[in-house]
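Got the viewer open? Here is a short tour, with something to select at each stop.

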Amino acid sequence: MSFVDLEDIRVSYDGKNNILKNLNLSIEEGQLVSLLGPSGCGKTTTLRVIAGLIEPNDGQFKVEDKDLTKVPVHKRNFGMVFQSYALFPHLTIKDNVGFGLKLRKESKATIHTKVMEMLEVTGLADYADRYPKQLSGGQRQRVALARALVIEPKLLLLDEPLSNLDAKLRINMRLEIKKIQQRLGITSVFVTHDQEECFSISDKVAVMNQGVIEQFDSPEVIYNYPKTEFIARFIGFENFFDLTHIEDRTYVTSDGTQFITGRSWEPTKKVGTIRPEDIELIKDHDYPEDNTITGTVKVRTFLGKSYQYEVDTSLGKILVQDNSGVAYEAGDKVNLYIPEEKLILV
Amino acid sequence: MSKKTAYLILTPGIVLLLFFLMLPLVSIIWPTFYDGGLTFNSYLVFFQDSYNLAILFRTIKISLIVTIIGIGFGVPTAYYIANSPKKWRGLLMSLTLFPLLTNSVVRSFAWINILGRNGIINTALLSTGLISEPLTLLYTEFAIIMGSFYLFLPVMIISLVGTFENIDTEIMEAAETLGANRLAAFVKVILPLSIPGIIVGSILVFTGTLTAYTTPQLLGGNRNMMMSTFLYQNAMALGDWQSASVIALIMIVTTLLVMKGFNTVAAKLDKRGEKYA
């Protein structure tokens, strides 16, 4: 039993297609967990099940081992930040943030103190008497966060809260969310389709695909050791080739090249993959025989700090990023060295 | 485009408005102020007669009551329609609009059948033994209110459905996550945000009831005269066009004053920071 438990959650809108299939997820107290995946993978549905906005067809949702599956939204005491922020346009910022406290019948003085304190924390104290319409996107985002946090919720739920902000503001805000989350020690669930955002903010990441969680690990583990091809593709692995198992840590490709891996992989894994930036480009003939394939440069793209090459090899098209400073031309013959510890099997 | 061209293009419209809108209005109103010189005598006479005042107040009272019960029934119905699944919404809307497609005379006759001495209500009550004498329902203010309410409820619903549809569903959900049950979320968030729609609906229902002629004529009878039926009586039965014109202007002014009142209330209730924006 963890702080939050989702057990065998199934959600279907039409009775035929499952949006979520037997979804299990455990979240420890004080952690910030992200649900990462492409649109339509069920991450927002999962968040809405947690919030109580969707009742699952099957399964249980528990917090501190108490079954909350049938508890209505307004009795759960979770703070939620919506993608559209969903601020109340007819209320001032102060009243927006105080909305939850007012419903809890707290005294006017208490509400005022708590609201002003929260506005201070989120840097909105000067805007207390304004209306949402008069604020910028970033400020509205803070109001939404303040409004969700001031009720001292058991859980903080964030539904793509940064997707409507510009790139620079997004990076600032995610740092700020992380800081506030850690200071308050509040268990949080964060939904996003942006892997960088997700890795930078989360203690643990659940990567979702078609209604199931494919991997639930720390950002580092997911970044370095994606469990499935889907996850690998989603987080930046571009090159995939089939491998046949010869013996422990030794594989061979269809064209006979031998590959040594840095560790033992389960025998079920038969596809090798590597990030473009992890491949080493070697021009001369002094290269190791294993883990090396040869090819011809097809397209060179300038990326700023490095060049990206599309290389035609016997294993198909391979993408390589090289920041050695040497610029190869289209048509150049090159050797691609795939380091043992960077070669991942999925 | 130069200013000259703009005026040129506008000219037909302006002429049309002057000729067909302003001219008839002025031709009715002017004589009520002119009797060899400027005079307010016609209006003084009208307001000194308690019979006339009773009709004016009855008209305003009935219009207000119809507006209020229109809001009472229209808001929940419109909210329900706005939140029903898309495939049902069209059907519900056409059901709402259906009465508007029939003539108001026909619709008022339907109420005669319901409220009359031998109507559905009396027959039902008599047969159950709850009453021994038929109730006088027809030719009362109650009958006018029922008839007008029935007549104008669709108008209220239509003005509100659009308003409710435009309110982001996440706003309702946000209120719920903050601890509001459905009713509280509706009262504290949805209702304040639907005020513009309520005001539009109220103005339409109020002016509709105030100016309706068939319904008070058929369901109110001669004892429960309203301004419109009173106007008709003066003009057609008595041939007193002067008094009819006076009544017409009073109706117009009443409508304008009430609309102003509605808008003032709306501005008070619906802020959203417009004064800064």
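How far apart should the ends of helix 5 of chain A be at 1.5 Å a residue, and how far apart are its end C-alpha atoms? Select residues 167-184 of chain A to find out. At that rise, the 18 residues of helix 5 should span 26 Å, and the end C-alpha atoms are indeed 26 Å apart, so the two agree. Keep in mind that this is a predicted model.

**Around helix 5**

Stay on this helix and show the side chains of A:Met173, A:Arg174, A:Ile177 and A:Gln181, which are buried. They sit on the same side of helix 5 of chain A because they cover an arc of only 105° around the axis. Now turn to the face that points away from the buried side: here you'll meet the exposed residues A:Lys168, A:Asn172, A:Leu175, A:Lys179 and A:Arg183.

What covers the buried residues of the helix? Among the elements to colour are strand 3 (32-36), helix 4 (137-149), strand 7 (155-159), strand 8 (187-192) and helix 6 (195-201) of chain A. Before you leave, click on A:Gly185, which follows helix 5 of chain A and has a positive phi, near 60°.

**Strand 7 and its neighbours**

Next, select strand 7 of chain A, one of the elements that cover the buried residues of helix 5. Is strand 7 largely enclosed or open? Five of its five residues are buried, so the rest of the structure largely encloses strand 7 of chain A. In a regular strand, side chains alternate between the two faces of the sheet. Here A:Leu155, A:Leu157 and A:Asp159 are on one side, with A:Leu156 and A:Leu158 on the other, and both faces are covered.

Bring in the strands that pair with strand 7. Strand 6 (residues 78-81) of chain A runs parallel to strand 7 and is joined to it by four bridges. Strand 8 of chain A is also parallel to strand 7, with five bridges between them. Centre on A:Leu157 to see both pairings: its bridge partner in strand 6 is A:Met80, while in strand 8 A:Leu157 stands opposite A:Val189.

**An exposed loop**

Jump to A:Asp248, in the loop between strand 12 (244-247) and strand 13 (250-252) of chain A. A:Asp248 is exposed, with 10 other C-beta atoms within 10 Å. Add A:Arg263, 15 residues away along the chain, and draw a distance between the C-alpha atoms: they are separated by 8.6 Å.

**Zooming out**

Now show chain A whole. Its C-alpha atoms fill a box of roughly 80 × 45 × 35 Å along the principal axes, and the chain has eight helices and 21 strands. Colour domain 1 (4-231) and domain 2 (237-345) separately, following the domain assignment; the centres of these two domains of chain A are 40 Å apart, taken over C-alpha atoms. Of the 346 residues in chain A, 40% are buried.

**Where the chains meet**

Last stop: turn on chain B. Its contact with chain A takes 21 residues from chain B and 23 residues from chain A. On the chain B side, helix 8 (169-177) and helix 9 (182-193) each supply at least two residues. Helix 8 of chain B gives the largest share of that side, six residues. Colour the side of chain B that touches chain A by class and you'll get ten nonpolar, four polar and seven charged residues.

Methods:
Residues are numbered from 1 along each chain as its sequence is written. Chains are lettered from A and ligands numbered from 1 in the order in which they are written. This is a predicted model: local features need pLDDT of at least 70, side-chain atom pairs count only at pLDDT 80 or more; totals for chains, interfaces and linings use all residues. Two residues are in contact if their C-beta atoms, placed from the backbone, lie within 7 Å. Ala, Val, Leu, Ile, Met, Phe, Trp, Tyr, Cys and Pro count as nonpolar, Asp, Glu, Lys and Arg as charged, and the others, Gly among them, as polar. The expected span of a helix is 1.5 Å times one less than its number of residues. A residue is buried if 20 or more other C-beta atoms lie within 10 Å of its own, exposed if 12 or fewer, and partly exposed in between; C-beta atoms are placed from the backbone. The arc is that of the directions from the helix axis to the C-beta atoms. Domain bounds come from an automatic or database domain assignment. Two strands pair if DSSP finds at least two bridges between them.
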